[in-house]
Amino acid sequence: MHCTRTWLALIFSVCFFFPFPLEGSQLNLRTPHGFEFGISRKDALNLIESSKLEVVSDRKYSNDLRKVVLDGSLSRVALDPPPDHETRLEFYKDNLMSSSILFSFEDEARFAFAKSELVSDLTNVLGDTFEREKMFSYEVMSWNLSDTVVLASLNSKRRTIEIEYIHKPVLEKKTAKDLRRKRRDDPGDPARQMFIDSNFSAQKKR
């Protein structure tokens, strides 16, 4: 029971930046992982610097898309010893579009326990209306909320768990531009284009 409460404290303090009781609570989906959706890369980097966290990478994928990865997270991890984890921020036109935390477990038992508790409690908090896709050792659960898409990616082979929040208003701007570009250009080979386009569905298949 103590391990269960400790894991819950980890998941919800990291994902929503502050701990709170699960029953009857309102999730702060505007500021998952401590970064408010829509903020600029500069503001996010200032927040990271003030928290004395290390930026692992800061890469530009196109004129509009950029990804920042930092070691650790803004919130404390309650598990002892804490699992390795990193925070990933994706910006579209200098507006934060998605935020995720990737946890890596060395021990199979700890991963299995974390996976079981996470699936159960995300379902209890976000609801049981979700989509689930599974292929071999990789599984993705998704919740389509009003302004946010929540993804839980579970990889039993690599023993990783990733919790991602995608802000729909920013994503829709990116999707609209991608659609205009495809209408303007030669569509080419659709199967080949899946690997060329930088989009969320391709990102999930890491």
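This briefing covers confidence, salt bridges, aromatic pairs, helix H3 and two buried residues. The structure is a predicted model. Its chain has an average pLDDT of 78, and 72% of the residues score at least 70. A search of the whole structure gives 7 salt bridges, and the count of aromatic pairs is 2.

**Confidence along the chain**

- Over residues 1-26 the pLDDT stays under 50. For this stretch the model has 59 contacts beyond four places in sequence.
- Residues 202-206 also have a pLDDT that stays under 50. Here the model has 16 contacts beyond four places in sequence.

**Salt bridges**

- In general, side chains of opposite charge can pair when their charged atoms come close.
- Arg41, Asp58 and Arg66 are linked in a network of salt bridges.
- Within this network, Arg41 pairs with Asp58, and their closest N and O atoms are 2.7 Å apart. This pair links distant parts of the chain, with Arg41 in helix H2 and Asp58 in strand E1 (residues 54-60), 17 residues apart.
- Asp58 also forms a salt bridge with Arg66, where the closest N and O atoms are 2.8 Å apart.
- The members of the network are described by their relative accessible areas. Arg41 has 24% and is partly exposed. Asp58 is partly exposed at 26%, and Arg66 is partly exposed at 25%.
- Another salt bridge joins the side chains of Arg88 and Glu162, at 3.9 Å from N to O. Arg88 is in strand E3 (residues 84-92) and Glu162 is in strand E8 (residues 160-167), so this pair ties together parts that are 74 residues apart in sequence.
- Both Arg88 and Glu162 are buried.

**Aromatic pairs**

- A pair of aromatic rings is described by the distance of the centres and the angle of the planes.
- The count of such pairs in this structure is 2. Phe105 and Phe111 form an edge-to-face pair, with 6.2 Å from centre to centre and 65° between the planes.
- Phe105 counts as buried because its relative accessibility is 6%, under the 20% cut-off. Phe111 is buried as well, at 2% relative accessibility.
- Phe130 and Trp143 form a tilted pair, with 5.3 Å from centre to centre and 45° between the planes.
- The pair of Phe130 and Trp143 links distant parts of the chain, 13 residues apart. Phe130 is in the loop between helix H3 (108-126) and strand E5 (131-135), while Trp143 is in strand E6 (residues 138-144).
- Phe130 is partly exposed at 24% relative accessibility, whereas Trp143 is buried at 1%.

**Helix H3**

- Helix H3 has 19 residues, which at 1.5 Å a residue should span 27 Å. The C-alpha atoms at its ends are 26 Å apart, which agrees with that expectation.
- At the start of H3, a side-chain oxygen of Asp107 comes to within 3.0 Å of the backbone nitrogen of Ala109.
- An α-helix has 3.6 residues a turn, so residues three or four places apart point the same way.
- Buried residues of H3 include Phe111, Ala114, Leu118, Leu122 and Leu126. Among the others that are buried in this helix are Glu117, Val119, Asp121 and Thr123.
- Gly127, just after H3, takes a positive phi of about 105°.

**Leu96 and its surroundings**

- Leu96 is located in strand E4 (residues 95-104). With a relative accessibility of 0%, Leu96 counts as buried.
- Setting aside neighbours within four places in sequence, Leu96 is in contact with several residues, including Phe35, Glu36, Phe37, Gly38 and Ile39. Leu89, Glu90, Phe91 and Val170 are also among its contacts.
- Leu96 and Arg41 are 55 residues apart in sequence, and their C-alpha atoms are 7.2 Å apart in space.

**His33**

- His33 is in the loop between helix H1 (2-16) and helix H2 (41-50).
- This loop residue, His33, is buried at 2% relative accessibility.
- The side chains of His33 and Ser99 are joined by a polar contact of 2.7 Å.

Technical notes
Residues are numbered from 1 along each chain as its sequence is written. This is a predicted model: local features need pLDDT of at least 70, side-chain atom pairs count only at pLDDT 80 or more; totals for chains, interfaces and linings use all residues. Side-chain values use heavy atoms; hydrogens and water are left out. Rings of Phe, Tyr and Trp (its six-membered ring) pair if their centres lie within 6.5 Å; planes under 30 degrees apart count as stacked, over 60 as edge-to-face and the rest as tilted. Buried means under 20% relative accessible area, exposed over 50%, partly exposed in between (1.4 Å probe, protein chains only). Helices (H or I, at least four residues) and strands (E, at least two) are DSSP runs, numbered from the N terminus. A polar contact is a pair of N or O atoms within 3.5 Å; within protein, one must be able to donate a hydrogen and the other to accept it, and residues adjacent in sequence count only if both atoms are side-chain atoms. The expected span of a helix is 1.5 Å times one less than its number of residues. pLDDT is the predictor's confidence in each residue, from 0 to 100. Contact means heavy atoms within 4.5 Å. A salt bridge is a side-chain nitrogen of Lys or Arg within 4 Å of a carboxyl oxygen of Asp or Glu.
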